[in-house]
Amino acid sequence: MTAQIIDGKAFAAGLRARITTEVAAMADRGITPGLAVVLVGEDPASQVYVRSKHRQTVEVGMNSFEHRLPAETDQKTLLDLIAQLNADPAVNGILVQLPLPAHLDEALVINAIAAEKDVDGFHILNVGRLATGQKAMVPCTPLGCLMMLREQLGSLSGKNAVVIGRSNIVGKPMAQLLLRDSATVTVAHSRTADLPAVVRGADIVVAAVGRPNFVQGDWIKPGATVIDVGINRTDDGLVGDVDFAAASQVAGAITPVPGGVGPMTIACLLANTLTATARANGLPDPEGLTP
Ligand code: NAD
């Protein structure tokens, strides 16, 4: 069997086209969604991400506000900026690029963002709302994975899903989203006993481990849908957490790296900014962009 390749790049392009149309419709009502991105310090990977976020935000017709602060910025200065963005009606979404320099308290900073503008979905209120089935802002990467899974499988109800990884930004919210769609969810992690056996029972595998080619082809149940979140830089270029060559011989469908989950993350950030803007203006949530 050769798996169908889930084309995240094309999916993300379709999503951005749809968002562009919705932004144009909002413009007719005199509303322009605005996304503020705060970058503290000079982390090279973060600078690349922030540049792509800015470019794509502008491309869909939203306002992009960039705030670049020096690495030695103190906590009060950063919190003052967040308070200012919270109060600014032109700003619908606020994203503080992580990681922050070590002297800043990441949790304190994230929780200072107004929950309704927290387009990364990391604020403690949004985490709680997602876990309790309330209207939340949902973290972008797992939201993108959910959209691709729904597109691929239709209903996820009753499927056995294994999420490998329990981070706050990918693994845990992914598990919540799958549970919300009535999958039977197992969260595996570095202490899981007999991971291959756990994965072999799964109709859906989401790998968010951060280890190149970690998930082996013979762990995959024939016909399973495999979502590879991993982004690992190796001598062979960018590779995922799944041994793609082997797994794609067994799976029913699989995301490649690059070109799978990666492009969906920023598209979902824009989707969240659109949702936040709709909510701020008393409009209904745009269809299909929220769980
Ligand atoms: P993390 O380091 O915070 O978490 C990794 C998780 O993997 C941990 O929960 C750990 O328990 C688990 N793990 C580690 N070793 C394991 C093992 N031997 N067996 C089973 N589980 C093990 O990482 P993260 O932030 O969740 O990111 C995971 C990967 O996804 C990374 O490669 C990251 O670059 C990538 N990522 C991609 C996107 C995207 O946009 N595509 C977004 C976020 C993260």
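In the predicted model, 22 residues surround the ligand, and R166, S167, H189, I231 and T265 come nearest. By class, this shell around the ligand consists of 10 nonpolar, 10 polar and 2 charged residues. Among the secondary-structure elements, helix 10, spanning residues 261–280, gives the most to the shell, with 3 residues.

Polar contacts to the ligand involve both side-chain and backbone atoms of the protein. In the side chain of S167, an N or O atom is placed 2.6 Å from an oxygen atom of the ligand. For T265, the corresponding distance between a side-chain N or O atom and a ligand oxygen atom is 2.7 Å. The contact of H189 is made through the backbone, where an N or O atom lies 3.4 Å from a nitrogen atom of the ligand. The protein buries 73% of the 860 Å² that the ligand exposes when taken alone.

Q56 was examined as a further position. This residue is located in helix 2, which covers residues 44–59. The relative accessible area of Q56 is 10%; because this value falls under the 20% limit, Q56 is classed as buried. When residues up to four places away in sequence are not counted, Q56 touches R16, I266, A267 and L270.

Terms used
Residues numbered from 1 in each chain as written. Predicted model: local features only at pLDDT ≥ 70, side-chain atom pairs only at ≥ 80, totals over all residues. Heavy atoms only, no water. Near = heavy atom within 4 Å. Polar contact = N/O pair within 3.5 Å; in protein donor to acceptor, adjacent residues only side chain to side chain. Areas by Shrake-Rupley, 256 points an atom, 1.4 Å probe, with all protein chains shown as cover. Helix = DSSP H or I, 4+ residues; strand = E, 2+ residues; numbered from the N terminus. Nonpolar A, V, L, I, M, F, W, Y, C, P; charged D, E, K, R; others polar. Buried < 20%, exposed > 50% of the residue type's maximum accessible area, 1.4 Å probe, protein only. Contact = heavy atoms within 4.5 Å.
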